Amino acid sequence: MEKNEIRRMVKGRRRELPEMVLLDKSRRICEIVMGFDTFRLADEIFVYMDCKGEVSTKLLMEEAWRLGKKVAAPKVEGEDMRYYYISSFEDVANGYFHVPEPITGQLADNGASDSERLNSYKSSEQIEQDDSERLQVKDLPEEQKKRVLLIVPGVGFDRNRNRCGYGKGFYDRYLAAHPDYATVALAFDFQIVDEVPVRAEDIRPQVLVTESQVITD
């Protein structure tokens with residue numbers, strides 16, 4: 001199945017289900033993630049702002065704030081995606097393609113753009129690390145010594161955690177530029193397909209969570 005076919009299929013399935021059903025499934029997914037050590041140990045949670053029937057991240061944000069963690073959300077700036085800290089749901093407004101984006105000015109990802117950061121890494125082979133290594137910060141520069149969990153959206157996934165996004169490549173570029181961040185992707189069971197086509201620049205999340213399963217290595 002090609003990625004455009006996956007996008008059409010998932011879009012149709014999202015429309016078929018009532019909002020309350022999607023919210024209940026989202027609650028179960030978030031509860032699983034909140035039980036991970038990766039969530040508990042993180043200093044900062046980088047979320048996506050859900051829309052158009054995606055898994056809701058609202059509970060993750062509320063729990064992170066309750067625990068005193070910093071929360072950041074993405075904003076598209078040209079060809080790059082940058083994260084900005086938010087302290088409430090009032091800190092976002094409709095932005096790129098009507099996706100909620102932060103309206104605060106507090107940059108969360110240390111200033112450099114994705115393009116600038118990519119110059120520091122030789123290839124995507126250096127990005128494939130096991131889960132524990134993503135939270136090892138001892139070798140990072142002083143300004144980067146924070147434990148970040150990045151919550152990854154997606155349209156479709158397979159059981160190898162290959163991801164089909166919306167086709168712009170923002171998350172692949174961002175993850176390539178931030179290989180030290182732990183990553184967990186969220187999806188509903190109906191978003192799991194037999195196989196997602198893979199390109200050299202595609203980056204898999206370390207963990208994929210649905211309402212009924214946790215998929216990892």
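Select helix α1, residues 3–16. With 6 residues, α1 gives the largest share of the lining of the largest pocket. Keep in mind that this is a predicted model.

**The pocket**

Now show the space beside that helix. The largest pocket holds about 920 Å³. Its lining counts 34 residues. To find the centre, pick Glu54, Val99, Val155, Gly165 and Tyr166, the lining residues closest to it.

Next, colour the lining by class. You should get 17 nonpolar, 14 charged and 3 polar residues.

Which elements each supply at least two residues of this lining? Select α1, β2, β5 (100–102) and α6. Two of these, β2 and α6, lead on to the next stop.

**The sheet**

Select the strands in the order β3-β2-β1-β6-β9-β10-β11. These 7 strands form an open sheet, and their pairing is mixed.

Go to the edges, where β3 (80–86) and β11 (214–215) stand. Each has a single partner strand, so one side of each is left without a neighbour in the sheet.

Stay with β3 and add strand β2, residues 70–77. The two run antiparallel, joined by 7 bridges. Zoom in on Glu77: its bridge partner in β3 is Asp80.

**The helix on the sheet**

Last, select α6, residues 170–177. What does this helix touch as it packs on the sheet? Its contacts are β1 (44–46), β2, β3, β6 (148–152) and β9 (182–186). Look along β3 to compare directions: α6 makes an angle of about 75° with that strand. Helix α6 also supplies at least two residues of the lining of the largest pocket, where the tour began.

Conventions: Residues are numbered from 1 along each chain as its sequence is written. This is a predicted model: local features need pLDDT of at least 70, side-chain atom pairs count only at pLDDT 80 or more; totals for chains, interfaces and linings use all residues. Side-chain values use heavy atoms; hydrogens and water are left out. Two strands pair if DSSP finds at least two bridges between them. Helices (H or I, at least four residues) and strands (E, at least two) are DSSP runs, numbered from the N terminus. Contact means heavy atoms within 4.5 Å. Axes are lines fitted to C-alpha atoms, for helices over the stretch in contact, and angles run from 0 to 180 degrees between N-to-C directions. On a 1 Å grid over the protein atoms alone, a cavity is a set of points where a 1.4 Å probe fits but cannot get out, and a pocket is an open set with protein on both sides within 12 Å along at least five of seven lines; lining residues have an atom within 4 Å of a point. Grid points are joined across faces, edges and corners, and a volume is the space filled by probe spheres set on the points. Ala, Val, Leu, Ile, Met, Phe, Trp, Tyr, Cys and Pro count as nonpolar, Asp, Glu, Lys and Arg as charged, and the others, Gly among them, as polar.
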